[in-house]
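Here are some exercises to work through with the model open in your viewer. Try each task before you read its solution.

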Amino acid sequence: MAVATVRRAVDADVDALVRIQSDTWRTAYAELVPASAIAELTGPAARAAWRAAIGAGGGYHVFVASEGEWTVGFCAAAHHAGADGAGIAEVSTLLVEPRWGRRGHGGRLLAAAVEALRGHGATVGWAWVPEADAASRAFYGHAGWAADGAVRGLDTGSGTLREVRLSGPLDLHLH
């Protein structure tokens, strides 16, 4: 097995982020999200959004996972204050291409994000995932996070995707 690493994303990673997100969504969410919405993930607006996220600084972080010479996944996360003043590490996106799954890349990405956001004062983590995404729910469950009762609807352009919030401690239990 090649060496697996996680590092902060740079502008040169934008094409890999776009590829990973569109390929993964095409595979995992084809039945949940319309093809037109998935197609938008490769357009100029998506590329601009990833460049902005990479350069945002402060409590915003984007990490990429690599195995050997291949970029295989990424995680975007940010720190913000919750309604009760608690510091929250919110994982907005954590994706690993399915063909690179089950090799620890997701856990390494989540650990890097949590470590960075702890440095900004985060004390709890959360992530929104499609309710029907059993793989993501199981991944976060292995980290000690669980559905906390919060739900929201994501407008897909041709309907609403129901998402559940998973939350938990920042002392991860990855195995």
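What percentage of the 175 residues of the protein chain count as buried? Buried means under 20% relative accessible area, exposed means over 50%, and partly exposed is in between (1.4 Å probe, protein chains only). With that cut-off, 46% of the 175 residues come out as buried.

A quick note on ground rules: this is a predicted model, where local features need pLDDT of at least 70 and side-chain atom pairs count only at pLDDT 80 or more, while totals for chains, interfaces and linings use all residues. Residues are numbered from 1 along each chain as its sequence is written, and side-chain values use heavy atoms, with hydrogens and water left out.

**Exercise 1. Describe the overall build of the chain.**

Step 1: list the elements. Helices (H or I, at least four residues) and strands (E, at least two) are DSSP runs, numbered from the N terminus. The protein chain has five helices and seven strands, and their order from the N terminus is β-α-α-α-β-β-β-α-β-α-β-β.

Step 2: check the compactness. The radius of gyration is taken over C-alpha atoms, and the globule rule is 2.2 Å times the number of residues to the power 0.38. The protein chain has a value of 15 Å, close to the 16 Å from the rule for 175 residues, so it is as compact as a globular protein of that length.

Step 3: look at the contacts (heavy atoms within 4.5 Å). Take those in the protein chain between residues at least 6 apart in sequence: 65% of them join residues at least 24 apart.

**Exercise 2. Find the largest nonpolar core and say which elements build it.**

Step 1: get the term straight. A nonpolar core is a set of buried Ala, Val, Leu, Ile, Met, Phe, Trp, Tyr and Cys residues joined through side-chain atoms within 4.5 Å.

Step 2: pick out the core. The largest one has 26 residues, and those with the most contacts inside it include Cys 75, Val 91, Leu 110 and Trp 145. At least two residues each come from β2 (60–67), β3 (70–81), β4 (87–96), α4 (105–118), β5 (124–130) and β7 (160–169). The largest share, seven residues, belongs to α4.

Step 3: zoom in on one member. Beyond its neighbours within four places in sequence, Val 91 touches several residues, among them Cys 75, Leu 110, Trp 126, Trp 128 and Tyr 140.

Step 4: don't stop there. A second, separate core has 19 residues, including Val 14, Ile 54, Val 62 and Ala 76.

**Exercise 3. Work out how β2 sits among its neighbours.**

Step 1: check burial. Seven of the eight residues of β2 are buried, so the strand is largely enclosed by the rest of the structure.

Step 2: find the partners. Two strands pair if DSSP finds at least two bridges between them. Strand β1 (residues 4–8) runs antiparallel to β2, joined by five bridges, and Arg 7 has Val 64 in β2 as its bridge partner. β2 also pairs with β3, again antiparallel, over eight bridges, with Tyr 60 opposite Ala 78 in β3.

Step 3: inspect the turn. β2 and β3 form a hairpin with two residues between them, and Gly 68 in that turn has a positive phi of about 60 degrees.

**Exercise 4. Compare the salt bridges and the surroundings of Glu 97.**

Step 1: count them. A salt bridge is a side-chain nitrogen of Lys or Arg within 4 Å of a carboxyl oxygen of Asp or Glu, and a search of the whole structure finds eight.

Step 2: take a local pair. Arg 26 and Asp 23 meet at 3.4 Å, N to O; both lie in helix α1 (residues 14–28), three residues apart, about one turn of the helix.

Step 3: take a distant pair. Glu 131 and Arg 162 meet at 2.8 Å, N to O. This pair links distant parts of the chain, with Glu 131 in the loop between β5 and α5 (134–142) and Arg 162 in strand β7, 31 residues apart.

Step 4: turn to Glu 97, in the loop between β4 and α4. Glu 97 forms a salt bridge with Arg 99 (3.6 Å, N to O). Glu 97 is buried, with a relative accessible area of 4%, whereas Arg 99 is exposed at 60%. Salt bridges that share partners join Arg 19, Glu 97 and Arg 99 into one network. Leaving aside neighbours within four places in sequence, Glu 97 is in contact with residues including Arg 19, Asp 23 and Thr 71.
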